[in-house]
Amino acid sequence: MKVPLLDLKQQNASLAAELRAAFERVLDSGQFILGREVEELERQTAALVNVKYAIGVSSGTDAILLALMALGIGPGDEVICPSFTFFATAGCIARVGAKPVFADSCELCFNLDVEDAARRITPRTKAIIPVHLFGQPAEMDGVMKLAEAHGMPVIEDAAQALGAAYRGRPVGSIGAFGAFSFYPSKNLSGFGDGGLLVTSDDTLAEKARLMRNHGAEAKYFHKVVGGNFRLAALHAALLSVKLPHLASYSEARIKNACYYTTRLRELAFIMTPGAHSDNGHIWNQYTLRVAPGDNWKQDGNPRDALKKHLAVHEIGSEIYYPRPMHMQECFAHFGPYPALPVCERLAAECISVPIYPELAREQQDAVVTAIAEFLEENS
Ligand SMILES: *Cc1c(COP(=O)(O)O)cnc(C)c1O
C-alpha cells in the first residue's frame with residue numbers, strides 16, 4: 001500500500017471552493033503584499049497564540065532572523081540553541097554575526113536539555129532559542145528560569161508547533177518572541193514560504209514591524225536597517241481559510257500518534273517517541289528510534305536500512321535530522337565544539353514516518369507491518 005510521508009491534496013481539495021474564493025478576493029483587491037489580508041491573519045493568529053502582536057513574515061527562518069535583529073544580537077554575542085534541530089535555528093544566529101552555541105537534547109522528548117544549556121552560558125551569551133521539536137513544547141519553565149537568571153531574552157522556535165501548549169500556555173507566547181512557519185510540511189501548511197513572528201512586548205513588536213519592511217517608518221525614510229521579510233496577501237488569504245481547521249488537523253495527528261505508539265511499543269529494537277505528560281504535543285512528526293541489540297544480523301546503520309525497506313514498500317519516511325548542528329561544515333570555524341552524545345545518537349537512530357491528519361488506519365497498519373517485517377528479517 002502506498003503511504004506518502006505527506007499528502008496535502010486531500011486536505012486542500014476539501015477546501016477548494018473557499019481557497020478559490022480567497023484567490024478571487026485578492027485578485028480583485030489589487031493589494032498583493034501586506035494589507036488587509038495579512039492584518040486579518042495576524043489578528044486571528046495573535047488570538048490563537050494569546051499574544052498582543054503577530055507579524056506576518058516571509059518564512060519561519062525570517063521570523064527567527066527578524067527576532068534576533070530586533071533584539072540587537074550581533075558580532076561578539078553567543079546564542080544557545082539545541083544541536084538537534086532544523087538548520088534555520090542555528091543558521092539565523094550565524095547570519096546576524098553571532099556564534100551559535102549548541103546544547104545537548106533530552107533523550108525522552110528530543111528537546112533542549114536545559115541543564116546542559118546552563119553549562120554553556122558565558123558572559124557573551126545574549127539569548128536562548130529553544131525549539132519545540134516535532135510539535136512537542138520544550139521544557140519552558142526551565143528555559144525561562146535559566147534565561148531570567150541571566151537577564152536574557154528567549155526566542156521560541158515554534159516553527160513546528162503552532163497551536164501546541166506548554167502547561168496550558170500556547171507556545172510562542174512564553175518567551176520574548178515566538179517564531180512560526182507555514183511551510184507546507186507544518187501543521188498549518190501554506191501554499192509557499194511564509195511565517196509569523198509573535199510577541200507581547202510593545203517596543204519589540206514595533207521594531208520587528210519596522211524591520212520587516214526595510215526599517216522604513218514612512219516609505220523611503222529608513223529608521224533602522226531591516227530587510228524584506230513581508231508576507232504576501234494571497235498567502236495570508238489562503239492561510240485564513242485553513243486556520244479554523246488547524247485544531248482538527250492536530251487532533252487527527254494526536255490520534256494517529258496514539259495508534260502508532262500502541263502498535264509499535266511492543267516491537268523489539270524500536271523506541272517510540274516520548275511525550276511529557278503535561279505537554280500538549282501536536283505531533284508535527286512521529287519520530288521513532290531504531291536501536292538494535294546484539295542479535296542484529298546486518299552491518300551498517302539499521303535506521304538507514306529501515307528507510308530503504310520502507311521505500312521498497314512505497315512508504316515515505318524522512319530522517320529529521322541526520323547530522324546535528326555542531327557537526328555541520330558551515331559552523332566548523334566557530335569550533336571545535338564539544339561532543340553532544342544524545343544529539344549524535346538521535347541523529348543516527350531517528351526516522352520519521354507518515355503522521356499527516358488524513359492518513360487512513362489501513363495506511364498506518366501498512367507502516368507497522370512493514371516495520372515489523374523489517375525487524376523479523378534482520379534479527
Ligand atoms: C521549518 C522550520 C524552520 C524554518 O521555517 P521555514 O518557513 O521553512 O523557513 C525553523 N525551525 C524549525 C525547527 C523548523 O522546523
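Me: In this predicted model, which cysteine holds the sulfur closest to that of Cys106?
Reply: A disulfide requires two cysteine sulfur atoms within 2.5 Å. The sulfur of Cys106 is 3.3 Å from its closest counterpart, which is too far for a bond. The residue that carries this closest sulfur is Cys109.

Me: How far is the nearest cysteine sulfur from that of Cys343?
Reply: Cys343 is buried, with a relative accessible area of 0%. It takes part in no disulfide. The nearest cysteine sulfur belongs to Cys81, and its distance is 9.7 Å.

Me: How many disulfides does the count come to?
Reply: The pair Cys106 and Cys109, with sulfurs 3.3 Å apart, is too far apart for a bond. Cys343 is likewise in no disulfide. With the limit set at 2.5 Å, the number of disulfides comes to zero.

Me: Which residues of helix H7 are buried?
Reply: H7 spans residues 140-149. Viewed down the helix axis, its buried residues fall within an arc of 165°, so they line one face of the helix. These residues are Met140, Val143, Met144, Leu146 and Ala147.

Me: Which exposed residues lie on the face of H7 turned away from its buried side?
Reply: The buried face of H7 is formed by residues within an arc of 165°. The face turned away from that side carries residues that are exposed, that is, over 50% in relative accessible area. They are Lys145, Glu148 and Ala149.

Me: Against which elements do the buried residues of H7 pack?
Reply: The buried set includes Met140 and Leu146. Its packing partners comprise one helix and three strands. They are helix H6 (114-119), strand S4 (125-128), strand S5 (155-157) and strand S6 (165-166).

Me: Which residue with a positive phi follows H7?
Reply: H7 covers residues 140-149. The residue in question follows the helix and has a phi near 60°. It is Gly151.

Me: Which residue in the loop between strand S4 and H7 has a positive phi although it is not a glycine?
Reply: The residue has a phi of about 65°. At 2% relative accessibility it counts as buried, the limit being 20%. Its place is in the loop between S4 and H7, and it is Phe134.

Me: What is the phi of Phe110?
Reply: Phe110 is placed in the loop between strand S3 (99-103) and H6. It counts as buried at 5% relative accessibility. Although Phe110 is not a glycine, its phi is positive, at about 70°.

Me: Which element gives the largest share of the lining of the largest pocket?
Reply: The largest pocket holds about 370 Å³ of space and is lined by 25 residues. Two elements give two or more residues to this lining, namely helix H4 (60-70) and helix H5 (87-95). The largest share, three residues, comes from H4.

Me: How do the lining residues of the largest pocket divide by character?
Reply: Among the 25 lining residues, Phe86, Ser181, Tyr183, Lys186 and Tyr321 lie nearest the centre of the pocket. Divided into classes, the lining has ten nonpolar, twelve polar and three charged residues.

Me: Which residue does a cis peptide bond join to Tyr320?
Reply: The omega of this bond is about 5°. The partner is found in the loop between helix H11 (302-312) and helix H12 (341-349). It is also one of the residues nearest the centre of the largest pocket. The partner is Tyr321.

Me: Which residue does a cis peptide bond join to Gly335?
Reply: The bond has an omega of about 5°. The partner lies in the loop between H11 and H12. It is Pro336.

Me: Which strand gives the largest share of the lining of the second largest pocket?
Reply: The second largest pocket has a volume of about 220 Å³. Its lining includes Asn213, Ala216, Glu217, Ala218 and Arg230, and it divides into three nonpolar, three polar and three charged residues. Three of the lining residues come from the strand that covers residues 216-218, which is S10.

Me: How far apart in space are Leu19 and Lys242, C-alpha to C-alpha?
Reply: Leu19 is found in helix H2 (residues 16-29) and is buried, with a relative accessible area of 10%. Beyond its neighbours within four places in sequence, Leu19 is in contact with Asn12, Phe191, Leu238 and Val241. Leu19 and Lys242 are 223 residues apart in sequence, and their C-alpha distance is 8.7 Å.

Conventions:
Residues are numbered from 1 along each chain as its sequence is written. This is a predicted model: local features need pLDDT of at least 70, side-chain atom pairs count only at pLDDT 80 or more; totals for chains, interfaces and linings use all residues. Side-chain values use heavy atoms; hydrogens and water are left out. Buried means under 20% relative accessible area, exposed over 50%, partly exposed in between (1.4 Å probe, protein chains only). Helices (H or I, at least four residues) and strands (E, at least two) are DSSP runs, numbered from the N terminus. The arc is that of the directions from the helix axis to the C-beta atoms. Contact means heavy atoms within 4.5 Å. On a 1 Å grid over the protein atoms alone, a cavity is a set of points where a 1.4 Å probe fits but cannot get out, and a pocket is an open set with protein on both sides within 12 Å along at least five of seven lines; lining residues have an atom within 4 Å of a point. Grid points are joined across faces, edges and corners, and a volume is the space filled by probe spheres set on the points. Ala, Val, Leu, Ile, Met, Phe, Trp, Tyr, Cys and Pro count as nonpolar, Asp, Glu, Lys and Arg as charged, and the others, Gly among them, as polar.
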